[in-house]
Amino acid sequence: MININKFTEKLDKLNFQNMYNNDFILTWEKTRDELDAVFTVADALRHLREENVSTRIFDSGLGISLFRDNSTRTRFSFTSACNLLGLEVQDLDEGKSQIAHGETVRETANMISFMADVVGIRDDMYIGKGNKYMRNFSDYVKQGNEDGILEQKPALVNLQCDIDHPTQTMADTLHLINHFGGVENLKGKKVAMTWAYSPSYGKPLSVPQGIIGLMTRFGMDVVLAHPEGYEVMSDVEKVAAKNAAESGGTFTKTNSMEEAFKGADIVYPKSWAPFVAMEKRTNLYGNGDTEGIAKLENELLEHNKQHMDWQCTEEMMKLTKDEKALYLHCLPADITGVSCDVGEVDGSVFDRYRIPLYKQASYKPYIIASMILLSKVKNPQELFHALIKRNLNRKFR
Amino acid sequence: MININKFTEKLDKLNFQNMYNNDFILTWEKTRDELDAVFTVADALRHLREENVSTRIFDSGLGISLFRDNSTRTRFSFTSACNLLGLEVQDLDEGKSQIAHGETVRETANMISFMADVVGIRDDMYIGKGNKYMRNFSDYVKQGNEDGILEQKPALVNLQCDIDHPTQTMADTLHLINHFGGVENLKGKKVAMTWAYSPSYGKPLSVPQGIIGLMTRFGMDVVLAHPEGYEVMSDVEKVAAKNAAESGGTFTKTNSMEEAFKGADIVYPKSWAPFVAMEKRTNLYGNGDTEGIAKLENELLEHNKQHMDWQCTEEMMKLTKDEKALYLHCLPADITGVSCDVGEVDGSVFDRYRIPLYKQASYKPYIIASMILLSKVKNPQELFHALIKRNLNRKFR
Amino acid sequence: MININKFTEKLDKLNFQNMYNNDFILTWEKTRDELDAVFTVADALRHLREENVSTRIFDSGLGISLFRDNSTRTRFSFTSACNLLGLEVQDLDEGKSQIAHGETVRETANMISFMADVVGIRDDMYIGKGNKYMRNFSDYVKQGNEDGILEQKPALVNLQCDIDHPTQTMADTLHLINHFGGVENLKGKKVAMTWAYSPSYGKPLSVPQGIIGLMTRFGMDVVLAHPEGYEVMSDVEKVAAKNAAESGGTFTKTNSMEEAFKGADIVYPKSWAPFVAMEKRTNLYGNGDTEGIAKLENELLEHNKQHMDWQCTEEMMKLTKDEKALYLHCLPADITGVSCDVGEVDGSVFDRYRIPLYKQASYKPYIIASMILLSKVKNPQELFHALIKRNLNRKFR
């Protein structure tokens, strides 16, 4: 029943030694082998759980979650991942405690990490802040470990920053891998990462940026489509272009949703705020200019309204490969006639893809657990064989 | 020391196969055998814990708590139950996340259940809503499991809805069973479920409804007493009448507290809001009519005041069987001279029954754990024998 | 590698039987042997964790945290300690639930303790309240256990009250023990517990009181220094004097920071509010006199400003033994030029002592775990040997 060899044999061929005792912050800082290791370990963990094999590798230990934003899905995914490996989650709730940037980051990072094996951070709201915060945090706990303060250096997992959303995009990609029957089958597939209209404002850029920064690694033809003015970070576009060149795929941009959808194997229509606007907003927040923020948000909602034709309708879907591209979304979506009057996607389209959409989401806990495991375990192949040998059921019987 | 056979032999005689992979929503949806199985497993779990035998059957796994209401006692009972079986509790806090009825229930239900073995829901405030919400939730995770999204279907435990409060009333009944020395000794006992005066407004109906819907299963003489205008759901009264007919007990109603107390073996005096008022309030909430709500609440407090004579006083207690009926309350009680000027019960009565009252409450964690176990384990008799054989201490020594 | 004997042999020589099934509320209620047992067990637990030996002694069980105050550090320390021993933390959040003093304490104490092995309470804000609350809580669960309501009596650990802060001061002392190479080396060391200027108001007295009440146990020369008007509880001063007499040390008071620092081996400069003011404030709170509170706070801030010269500067440090006394702080500190314009300590002093400061903090989880263990385990020596024999890794490999 349990076939762990197909996973360990894959891992044997990959070089991922550098992940040990390291963080997962941006996908483009990782090699293809390292990304493949994350996918493989995630699949292995899922297989073991489905076969009722306990993957509890920590008999005690904490997973710290640090969310600077409300979140149900990511919170539950992180808790599930930690629990699967035996770590208890302790929230560092900014309401309950009080943390800030600067000097106090170093102190907080050390104070909460005495028994922390992993820290998951979500900090996506302010351009130029979230990612920087994570790197500071990581430097400080590394230092703390070297100075003999921390017995272990907790692994840092980026649960969404202003630049990337690696646990989301890696889960999205693992969904594609399993949907198309292997990572090698992604080559040549056309994926349309497109902006879509939403009646709400200010959705983060980390998903479109993360998608173009990751899916260009697999030889796919990645198209980024959005109305003029909805540009993402240019640095990430450069990463995407470089990735495409190296992987034998393409990275193109267009201001036409139709063009992006035409012949696409995969579509990912999703609203986001323009990078420049988010940058402006970050500065307004910095200056405490609430009037300026309200004004900016109104402008942006008006701006959005000029692009209400950017919707994933049934007609748009007809433009795609065989009229049935795989529809992706990070959820929750703004569904026309369901959660809003006019939104990102037609109710009928969403409904038809509900099952694959939910499956897409189901990979996230395993992706997070895989990232933790690869940072904490030097030789996962040996570990998996030992887990089989240990023969402990997840559910006792 | 450890005598697990007395529990497994009881279970051998009961038919409860239908509880496996099923929810616990209303007691009257369960057969007598199934209820008896819950009591027996709860007693067995308590015995094992007291004998320091670990009943951790999950090496990892989550118990999700979804409370649409503040709650200390039920929250702690649910956490205790999950922990006893090895599940870590993750709260779905409506403040932290944002869930709603309708389409999003399906999505949330799936998104939080990827690794959830049980979901405990408390949703008792709005007539016609809480129970419906639970059933929707249950349908969606069942569907999610069938569609291959969820590896397992989490068991749903009703931690209080607008209709029933099964974990409370089952704990109350287990207290009676152990107090009177066996479920068979409940036959013929008179229990007075009566309204009592409270200076606060809007206590839910789930306890009186749950009590008349459950205690009529055991051949007891169940009397429901309240002032005119404080009627409970008529559907539940019909259930109670039917139950009584089948079990060889009686179900009667009266508008006299004295009549209910006369010769009672057990009294359960407790305030609640009239069903019709709660229904009206639900509609006012639906329409966002805060003025109407304030007006209604004032009316109801005035209404309550007309029935200040409905108190469980020392004189009232003298009317009961041998002047010493067992006094029950789901806690916290409005105690005259302690937590309020005039309330449900005299301070001296409450004080005399404090120990049995706290014991009554102590059954709830075990009842919840039992409900979870019976949904997750096909053959609990085998499980119990295996646990004895495993010989793992709860507290290592 | 693992040398558990050096810890068990120490324990063999100590008499700490009275700690079993008992609480930890004030350090001066414990014998020297008992304090030494706490240090030794804490060191042993740390050693075992560092050697990857699981110290999970509970297969299930809850640790309840009851914080009447925000707190990151103590919260994380308590969670870490519980997790290290196998207990899952459940917060009794006053926001989520609603607890109060008086009659309801008894009920809440019982209701949350059905499966609680330990309860950690922090209640430091109101003079005359926190410690009393803990003792009430403890009495009620002891009674609940005797009455057959609670299977076990949860151990109560004082996580800070209005009188003492034993987990902090015991961690501080363990830091000194390890820094100076043994508890016997503390004899004759001069420690300056001094007030320091802070631009904020109302820091609790539990640290200075706890320090003079504890460090006088070890034959140290303890000096308490503060400006006139910043007196601590006189009862605790009496305890300190008595301790010093018994241990062969000294306890002196001065209104000169310089005098305290002169030749000190250890300095602990820290702001606090005058006891009399805190008492006044407690009464104002009791009367709901918000205007009076605001007035008092302003007065106190003005008062503080008259003592801005009480800072731990580089010059002050030069007065200490060899100009390099060990600098202690319970963190977070008010650091001049970092977290405030002028505060308790110079940035350069703080920076130079950052590593030892963080190490000081790192002992707290182990101190708490030790206090729990000594209350729950009759023979820790046997336990440690059994843990070695069990040979279970904290991190599986």
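**Entry 1: a helix of chain B**

Which residues are buried in H3(B)? I put this to a predicted model, and I began with the extent of the helix. Helix H3 of chain B covers residues 73–85, which makes 13 residues. From its first C-alpha to its last I find 19 Å, close to the 18 Å expected at 1.5 Å a residue. I then looked up burial, taking a residue as buried if 20 or more other C-beta atoms lie within 10 Å of its own. By that count H3(B) is mostly covered, with 12 of its 13 residues buried. The buried residues are B:Thr74, B:Arg75, B:Phe76, B:Ser77, B:Phe78, B:Thr79, B:Ser80, B:Ala81, B:Cys82, B:Asn83, B:Leu84 and B:Leu85. Just after H3(B), I note that B:Gly86 has a positive phi of about 100 degrees.

**Entry 2: a sheet of chain B**

I next traced an open sheet of five strands in chain B, and I read its order as E7-E6-E5-E8-E9, with parallel pairing. Its edges are strand E7 (250–254) and strand E9 (326–327) of chain B, each of which pairs on one side only. I followed one pairing in detail. Strand E5 (residues 190–195) and strand E6 (residues 221–225) of chain B run parallel and are joined by five bridges. B:Thr194 stands opposite B:Ala225 in E6(B).

**Entry 3: two domains of chain A**

I turned to chain A and its division into domains. Domain 1 takes in 5–164 + 364–390, and domain 2 takes in 166–361. The C-alpha centres of these two domains of chain A lie 26 Å apart. I find 27 residues of domain 1 and 26 residues of domain 2 of chain A in their contact.

Which elements of chain A each supply at least two residues of the side of domain 1 that touches domain 2? They are helix H2 (32–50), strand E4 (155–161) and helix H15 (364–376) of chain A. H2(A) gives the most to this side of domain 1, with six residues. By class, I record 15 nonpolar, four polar and eight charged residues on the side of domain 1 of chain A that touches domain 2 of chain A.

**Entry 4: how the copies are related**

I compared the chains by superposition. Chain B is superposed on chain A by a rotation of 120 degrees with 0.0 Å of shift along its axis, at an RMSD of 0.0 Å. The two copies are thus related as by a three-fold rotation axis. In chain B, the C-alpha nearest the axis belongs to B:Glu88, at 4.5 Å from it.

I repeated the comparison for chain C on chain B. A turn of 120 degrees and a shift of 0.0 Å along the axis lay chain C on chain B with an RMSD of 0.0 Å. Here C:Glu88 has the C-alpha of chain C nearest the axis, 4.6 Å from it.

**Entry 5: where the copies meet**

Only 4% of the interface residues of chain B are also interface residues in chain A, so these copies meet through different surfaces. For chain C, I find that 4% of its contact residues recur in chain B, and these copies too use different surfaces.

How many residues of chain C are in contact with chain B? I count 24 residues of chain C against 29 residues of chain B. On the side of chain C that touches chain B, strand E2 (88–91) and helix H4 (103–111) of chain C each supply at least two residues. The largest share of that side, five residues, comes from H4(C). I record nine nonpolar, eight polar and seven charged residues on the side of chain C that touches chain B.

Conventions:
Residues are numbered from 1 along each chain as its sequence is written. Chains are lettered from A and ligands numbered from 1 in the order in which they are written. This is a predicted model: local features need pLDDT of at least 70, side-chain atom pairs count only at pLDDT 80 or more; totals for chains, interfaces and linings use all residues. Two residues are in contact if their C-beta atoms, placed from the backbone, lie within 7 Å. Helices (H or I, at least four residues) and strands (E, at least two) are DSSP runs, numbered from the N terminus. Ala, Val, Leu, Ile, Met, Phe, Trp, Tyr, Cys and Pro count as nonpolar, Asp, Glu, Lys and Arg as charged, and the others, Gly among them, as polar. Copies are superposed by least squares on the C-alpha atoms of residues with pLDDT of at least 70 in both. Domain bounds come from an automatic or database domain assignment. Two strands pair if DSSP finds at least two bridges between them. The expected span of a helix is 1.5 Å times one less than its number of residues.
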